[in-house]
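Let's read a fold together, one feature at a time. Have the viewer open as we go.

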Amino acid sequence: MGIPSPFWVPWIPQPNFLAGTQLKESGKMGQVLGALGVRNADDIGMGKIKLCAKLLQTEGLKLLEESKAEQGKSLMEFGENLSKLVEEGDGKLSGAELKALYEEQSHKNAIEAVAKTAGKYSKQFHSILPLLSRAGHEDFTFMDFEPSLANTAELVGKKVLCVGAGGLGCEILKNLALSGVKDITVIDLDTIDVSNLNRQFLFRRKDVGKPKAQVAAEFIEQRCKGVRVKWYKQKIQEFGDEFYKQFSIVIAGLDNVNARLFLNTKLYSLVKTDEDGDPQLDTIIPLVDGGTEGFKGQARFFLYPFTSCFECSAGDLQGGPKFDLCTIRTMPRIPEHCVAYALLIQWPLLEEFKDHKTYKLRKDTEKASGEKKAVNLDKDNTEHMTWLYERSKERAAKYKIEGVTYNLTMQYVKNIIPAIASTNALISAACSNEAIKYLTKVAPTLENYFFYSGQNGCYTRTFEYKKNPECFTCGVSKIHLEVHSTALLGDIKKQLDQKHKLECSAFVTRDGKAIYNAGAFFVATHGNLERTIEVLLPKKTNILTLFAKKPGSTKLKKISLTIVKADTKR
């Protein structure tokens with residue numbers, strides 16, 4: 001835990017430990033504050049009161065969600081009244097004021113429970129408190145940060161989403177809980193395998209076969225009292241906008257690109273803009289993304305729309321190892337060549353597949369039957385992977401190559417890079433660090449790419465990954481049009497075609513309504529081309545999202561289209 005801070009007392013004082021007369025008179029409320037390190041009335045500062053108020057409100061919300069309406073409402077009102085006293089006062093409260101406020105409450109037992117919870121929970125602030133409360137480093141902080149214990153309240157009241165509960169996810173969950181984050185949600189689709197136990201330390205052998213998210217959540221809640229972790233075992237694509245809007249920040253510890261692309265697009269789409277096209281800051285939900293490959297790893301911070309997004313650099317991602325087909329067919333030399341032969345040459349020849357022992361394989365020289373459909377490979381299907389493993393072994397035995405194993409087959413087919421615990425710990429620490437910096441404003445966030453390599457020594461590099469102007473997600477061009485209020489939508493489409501050489505595929509309003517779509521909704525929307533702008537867009541100035549492409553191109557481009565209706569009277 002490090003050297004104890006003189007600004008923090010991580011215990012639950014009993015009444016006889018409360019030295020000040022005023023604090024003794026405050027009764028159970030004094031225990032609440034005592035649990036937060038307050039020894040006497042002189043210690044009752046604004047920061048500690050604010051933190052206590054936030055804890056009371058958070059616990060009240062939890063009781064409300066548990067259908068304990070009266071107790072939950074009482075705690076939330078008590079916390080709100082406590083905050084008001086601090087705001088209206090001079091930054092300190094007397095024991096008499098606290099006692100009077102406490103005596104008004106009808107559910108004193110619920111408040112006493114908060115005292116115990118607060119005491120256990122306060123220990124998690126022990127290491128981070130000096131960073132948030134000590135003066136002297138303001139030159140390195142972000143925006144309007146002021147050193148105060150009240151900064152811990154920012155962690156208590158914020159919700160954080162952690163996507164992934166594997167090698168990175170376990171570390172991230174631990175870091176967040178021990179840094180004071182109280183409300184965490186974790187999503188993971190996988191179940192625990194025995195091979196996970198060497199590095200995913202929240203799991204034990206008895207947990208094999210259980211959902212990772214469930215076991216991780218239960219472990220954190222048991223070990224870190226006062227921290228609540230909700231868990232889900234389902235695809236992130238199944239959650240709607242309202243689910244993601246509740247979080248202050250999202251941290252991803254994923255092992256596949258598609259899930260990252262989805263999160264990137266989803267969070268970017270949630271950013272709303274004002275009438276001038278500027279982003280509304282309260283709609284921004286940053287994404288912190290971590291990834292590891294053996295001894296290498298990176299942490300990235302995406303603050304939409306100010307930084308580049310994940311898709312800006314998607315083209316730089318490297319796939320798995322690639323071999324020449326002639327080598328795979330005629331001169332295999334290493335185990336990976338045998339697996340590649342089974343995957344690329346033999347699997348496409350399958351015409352029927354029941355299990356890894358019952359199947360029909362046509363000859364390489366035979367043409368596929370028109371009535372037979374190809375067998376789609378499911379990389380998560382044990383029978384499919386076992387079939388590839390068996391064919392790889394046969395190929396290896398023919399050429400006397402050793403080293404083909406089931407794990408190697410899995411690693412090649414699914415492009416799995418062996419994980420290293422120390423790399424996971426380092427990258428997850430960097431991700432958690434960015435989340436804490438953003439939530440508390442204690443330091444500027446990463447701009448915006450951190451790279452680590454431990455293959456030969458220890459090498460790190462931080463640089464800003466620039467926006468890609470051709471990025472489909474965030475590479476938005478801008479077009480300004482001034483048209484008559486009686487102009488038709490079809491006239492605007494024609495003007496964009498002739499003047500800007502753009503083939504328009506769709507016009508979408510700011511609230512997501514498609515007023516024209518040349519694709520699936522053409523029949524329902526093509527009539528709008530004959531309607532006036534005045535009817536379709538009643539405001540004088542409208543910002544639309546235009547999806548269009550250049551003639552001869554197949555790639556759609558997203559364009560911010562500002563339409564200003566010219567006054568008919570000059």
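What follows is a short chat about a sheet, some helix packing and a few backbone details.

Q: Before we start, what kind of model is this, and what are the ground rules?
A: It's a predicted model, where local features need pLDDT of at least 70, side-chain atom pairs count only at pLDDT 80 or more, and totals for chains, interfaces and linings use all residues. Residues are numbered from 1 along each chain as its sequence is written, and side-chain values use heavy atoms, with hydrogens and water left out.

Q: How do I read the sheet, and what is its strand order?
A: Helices (H or I, at least four residues) and strands (E, at least two) are DSSP runs, numbered from the N terminus. Two strands pair if DSSP finds at least two bridges between them. Here, eight strands form an open sheet with mixed pairing, in the order β3-β2-β1-β4-β5-β6-β9-β10. The edges are β3 (228–232) and β10 (459–463); each has a single partner strand, so one side of each is left without a neighbour in the sheet. Ignoring direction, neighbouring strands of this sheet are turned by 15° against each other on average.

Q: How do β2 and β3 pair?
A: Strand β2 (residues 183–187) pairs with β3 in the parallel sense, over five bridges. Zooming in, I184 has V229 in β3 as its bridge partner, and I187 stands opposite Y232 in β3.

Q: Which helix joins β2 and β3 in a β-α-β unit, and what is the unit's hand?
A: The general test: point the strands away from you, and a crossover is right-handed if the path from the first strand over the helix to the second runs clockwise. In this model β2, helix α10 (residues 212–223) and β3 make a right-handed unit.

Q: Which strands does α17 lie across?
A: Contact means heavy atoms within 4.5 Å. Axes are lines fitted to C-alpha atoms, for helices over the stretch in contact, and angles run from 0 to 180 degrees between N-to-C directions. Helix α17 lies across β1, β4, β5, β6 (296–302) and β9 (449–453), at about 170° to β5. Helix α12 (residues 257–269) lies across β1 (159–163), β4 (249–252) and β5 (287–293), also running at about 170° to β5.

Q: And at what angle do α9 and α17 pack?
A: Helix α9 (residues 167–178) and helix α17 (residues 421–440) pack at about 45°, with axes 8 Å apart. That makes α9 oblique to α17; the scheme is under 35 degrees roughly parallel, over 145 roughly antiparallel, 65 to 115 roughly perpendicular, and the rest oblique. For the hand, a crossing is left-handed if the near helix is turned anticlockwise from the far one by less than a right angle, and right-handed if clockwise. The crossing of α9 and α17 is right-handed.

Q: Which residues meet where α14 and α16 cross?
A: The axes of α14 (residues 335–346) and α16 (residues 406–413) come within 10 Å and cross at roughly 65°, in a right-handed crossing. P335, E336, V339, A340 and L343 in α14 meet L408, T409, Y412 and V413 in α16.

Q: Which backbone oddities should I look at, say at P305 and K400?
A: The Y304 to P305 peptide bond is cis, with omega near 0°, and P305 lies in the loop between β6 and α13 (325–330). Another cis bond runs from E447 to N448, with omega near -25°; N448 is in the loop between α17 and β9. K400 has a positive phi of about 55° although it is not a glycine, and K400 lies in the loop between α15 (382–398) and α16.
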